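Please open the model in your viewer and keep the sequence panel beside it, since this tour moves from one selection to the next.

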Amino acid sequence: MSRFFSDKYKDLEPYTPGEQPREQKYIKLNTNENPYPPLPEVAEAVRKASDKLYLYSDTECVELRKTLAERLNVSPDELLMTNGSDEILNFAFMAFCDKHTPAYFADITYGFYPVFADINQVPYEEIPLKEDLTIDISDYFQKAGTIFIANPNAPTAIALRRSEIEEILKQNLYNVVVVDEAYVDFGAESCVPLIKEYDNLLVTQTFSKSRSMAGARLGMGIGNPELIRDLNAIKYSINPYNVNSLTSAAGVASLKLDEYNMKNCEIIMETRSRSERALRELGFEMTTSQTNFLFARHPDISGEDLYLELKKKGILIRHFSKERIKDYNRITVGTPEQMEKLTAAIKQILEEKA
Ligand code: PMP
């Protein structure tokens with residue numbers, strides 16, 4: 001830290017992203033990317049848009065919001081596009097939390113929430129998950145602040161039903177409830193249909209997972225027009241051009257071919273079921289996943305050792321050192337071939353250990 005760094009950030013603990021090795025020697029099952037690349041039409045749209053790189057991007061993402069609104073069955077003024085869903089989450093902390101309006105989220109959830117709270121100097125309370133890592137919705141009733149729920153949750157992979165989230169909304173009519181649906185397309189129920197009825201609901205989604213565009217950085221907020229106006233006030237005070245023109249073009253092209261994306265989600269869900277079975281046969285316990293990853297532990301090997309041994313064999317998975325989940329690993333569901341290599345490698349590691 002230099003002697004110039006502002007005191008207000010001296011205790012900041014930045015978010016640690018998963019490893020992104022530049023060499024291609026690893027099978028990457030550590031950052032929940034989609035293993036299937038976007039269709040060539042997406043690259044073609046980006047190439048075309050690159051002719052206009054000398055112009056600023058469209059601050060309102062008009063075409064993208066129009067296309068997305070049709071796809072999600074909402075109106076364009078219920079949408080705000082951002083640089084990944086991380087950005088809309090940060091905007092929500094800025095717009096809807098302050099020292100009198102704390103943030104509430106689970107003790108085991110997306111690791112960026114406490115970081116966003118800290119950088120915005122927002123107090124927060126972590127609500128413990130139950131012993132089995134599920135959420136007790138009554139823990140979220142009548143809160144005096146803004147609630148953030150990843151649904152499905154990460155890294156636990158477990159989802160609440162839409163009706164359960166609706167119960168939380170009803171019990172918090174005076175607070176904003178942010179539902180982070182980064183993984184919703186892998187089998188969970190979206191709360192988007194509830195935005196018309198609940199003006200306290202903000203749903204966030206991303207193109208990073210189900211639409212194979214993690215590198216493009218495209219996310220969105222979906223909520224009633226007043227909430228979206230608040231979030232736009234934040235956006236226009238930071239970076240009106242937060243979504244670049246190449247990403248916008250990629251987003252439109254991707255949505256026009258959304259059947260391909262949704263088909264890939266189905267393939268990933270099938271691969272997930274097969275991998276679950278294979279890992280259970282090897283003695284793993286895991287949560288019920290409605291995401292593109294598995295959250296698994298084995299009685300005979302620690303989470304950290306398994307991570308390290310797999311890395312030696314060229315496979316990256318994600319280990320978290322947090323006490324409550326340190327026995328687990330989060331394993332992205334890759335292609336069937338990648339998952340077969342994973343189970344073969346784990347089998348070998350377990351045999352060597354025995
Ligand atoms: N929410 C959750 C629960 C996530 O796991 C992630 C991915 N790290 C994000 C939001 C943000 O993803 P992105 O910024 O790529 O949209």
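Two strands are taken to pair if DSSP finds at least two bridges between them. The model in front of you is a predicted one, and every stop below should be read with that in mind.

Begin by selecting β9, β10 and β12, three strands that form an open sheet in that order with antiparallel pairing. The edges of this sheet are β9 (285-286) and β12 (328-332), and because each of them has a single partner strand, one side of each is left without a neighbour in the sheet. Now narrow the selection to β9 and strand β10 (residues 293-297), which are joined in the antiparallel sense by two bridges; within this pair, M286 stands opposite A296 of β10. If you then add residues 258-281, you will see helix α8 lying across β9, β10 and β12, with a direction at about 10° to β10.

Next, hide that region and select the strands of the other sheet, seven of them, which form an open sheet in the order β2-β8-β7-β6-β5-β3-β4 with mixed pairing. Here β2 (79-82) and β4 (124-127) stand at the edges, and since each has a single partner strand, one side of each lacks a neighbour in the sheet. Looking along the sheet, you can follow how neighbouring strands are turned against each other by 20° on average, with direction ignored. At one edge, β2 runs antiparallel to strand β8 (residues 219-223) and is joined to β8 by four bridges, and L80 is the residue that stands opposite G221 in β8. Adding residues 62-72 brings in helix α2, which lies across β2, β7 (201-206) and β8 and runs at about 120° to β2.

For a helix pair, select α1 (residues 40-50) together with α7 (residues 245-256), which pack at an angle of about 145° with their axes 8 Å apart. The crossing of α1 and α7 is right-handed. To see the contact itself, show the side chains of E41, V42, A45, V46, A49 and S50 on α1, and those of S245, L246, A249, A250, A253 and S254 on α7. Coloured by character, the residues of this contact divide into eight nonpolar, three polar and one charged.

Which residues come nearest to the ligand? Select the ligand and its surroundings, and of the 13 residues around the ligand you will find S85, D180, T206, S208 and R217 nearest. Three distances are worth displaying here:

- from a polar side-chain atom of D180 to a nitrogen atom of the ligand, 2.6 Å;
- from an N or O atom in the side chain of Y183 to an oxygen atom of the ligand, 2.7 Å;
- from an N or O atom in the side chain of S208 to an oxygen atom of the ligand, 2.6 Å.

The last stops concern the backbone. Most residues other than glycine have a negative phi, and most peptide bonds are trans. Against that background, select N151 and P152, which are joined by a cis peptide bond with omega about 0°; P152 belongs to the loop between β5 (146-150) and α5 (162-170). Then move to A154 and P155, where the peptide bond is cis with omega about 5°, and where P155 lies in the loop between β5 and α5. Finally, select L133, which has a positive phi of about 70° although L133 is not a glycine, and which is found in the loop between β4 and β5.

Note on methods
Residues numbered from 1 in each chain as written. Predicted model: local features only at pLDDT ≥ 70, side-chain atom pairs only at ≥ 80, totals over all residues. Heavy atoms only, no water. Contact = heavy atoms within 4.5 Å. Axes fitted to C-alpha atoms, helices over the stretch in contact; angles between N-to-C directions. Left-handed = near helix turned anticlockwise from the far one by under 90°. Nonpolar A, V, L, I, M, F, W, Y, C, P; charged D, E, K, R; others polar. Near = heavy atom within 4 Å. Polar contact = N/O pair within 3.5 Å; in protein donor to acceptor, adjacent residues only side chain to side chain.
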